[in-house]
Amino acid sequence: MNRKKHASILRSTRKIHRVMGATLCLLFLIISVSGLLLGWKKNSNGLILPKSYYGSSTEFKDWLPLGTLQHIACTTLHDSIDANLSLELSRIDVRSQNGMVKFVFKEQFWEVQIDGATGKVLHVDQRFSDLIENIHDGSVLDHYFHTKGVLKLAYTSIMGASLLIFTVTGFWLWYGPKVMRRSYKGHL
């Protein structure tokens, strides 16, 4: 390939890299900051992810029925936080090794930790890690605009393809001039 062709490819690559960088700068900032926070969530001393507490027994035979534990969690959420909050669950996290169950609610990411054997409420807190994760993966857009995964899919596709293109163009911006110098030296 001649020098003019190399220079043309390098200019096009630089333009693609620059335009995409300027266009997606804010989204890359959001992804990087949220990714850093998610990486540190278990080491945040309860600021991002509530600390897990321990129940009295790790033996399931000693535990109360899951329905009873759920009722306690729902009652606790309404009594302790807000009686108007939805009781729709995001998930139930059974931690048999800790003797405890976490009930995670969809609205405002509340979590209620309950001793599996006694039904004692161990801890109530918000899971900011879930909000950060929804921001990181674009789910927050679907929640806000009431779409069913369409915006998250578009967001992750655009950002994944952009990262791939940035990697390729960034490599070529580093490697392309080396190729040009070598080919130029070969023609002297």
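User: Over which ring does the charged end of lysine 51 sit, and how far is it from the ring centre?
Analyst: In this predicted model, local features need pLDDT of at least 70 and side-chain atom pairs count only at pLDDT 80 or more, while totals for chains, interfaces and linings use all residues. Residues are numbered from 1 along each chain as its sequence is written, and side-chain values use heavy atoms, with hydrogens and water left out. A charge sits over a ring if NZ of Lys or CZ of Arg is within 6 Å of the ring centre and within 35 degrees of the ring normal. For lysine 51 the ring is that of tyrosine 53, and the distance from its centre is 4.8 Å.

User: How is the aromatic pair of phenylalanine 171 and tryptophan 174 classed?
Analyst: Rings of Phe, Tyr and Trp (its six-membered ring) pair if their centres lie within 6.5 Å; planes under 30 degrees apart count as stacked, over 60 as edge-to-face and the rest as tilted. By this rule there are seven aromatic pairs. In the pair of phenylalanine 171 and tryptophan 174, the centres are 5.7 Å apart and the planes 50 degrees apart, so the class is tilted.

User: Why are phenylalanine 171 and tryptophan 174 separated by about one helical turn?
Analyst: Helices are DSSP runs (H or I, at least four residues), as strands are (E, at least two), numbered from the N terminus. Both residues belong to helix 5, which covers residues 150–186. The separation is about one turn because their positions in the helix are three residues apart.

User: What angle lies between the planes of phenylalanine 171 and tyrosine 175?
Analyst: Both residues lie in helix 5, four residues apart, about one turn of the helix. Their rings form a stacked pair, 5.4 Å centre to centre, with an angle between the planes of 15 degrees.

User: Is tyrosine 175 buried, partly exposed or exposed?
Analyst: Buried means under 20% relative accessible area, exposed over 50%, and partly exposed in between (1.4 Å probe, protein chains only). Phenylalanine 171, at 45%, counts as partly exposed. Tyrosine 175 has a relative accessible area of 27%, so this residue is partly exposed.

User: Which parts of the structure do arginine 91 and aspartate 130 tie together?
Analyst: A salt bridge is a side-chain nitrogen of Lys or Arg within 4 Å of a carboxyl oxygen of Asp or Glu, and the structure holds seven. In the bridge between arginine 91 and aspartate 130, the closest N and O atoms are 3.4 Å apart. The pair ties together parts 39 residues apart in sequence, because arginine 91 and aspartate 130 lie in strand 1 and helix 3.

User: Which residues are joined into one network by salt bridges that share partners?
Analyst: Aspartate 130 also forms a salt bridge with arginine 127, with the closest N and O atoms 3.1 Å apart. Aspartate 130 and arginine 127 are both buried, whereas arginine 91 is partly exposed at 34%. The network consists of Arg91, Glu111, Arg127 and Asp130.

User: Where does the salt bridge of lysine 61 lead, and what is its N to O distance?
Analyst: Lysine 61 is exposed at 70% relative accessibility. The partner is partly exposed at 36%. That partner is aspartate 62, and the N to O distance is 3.4 Å.
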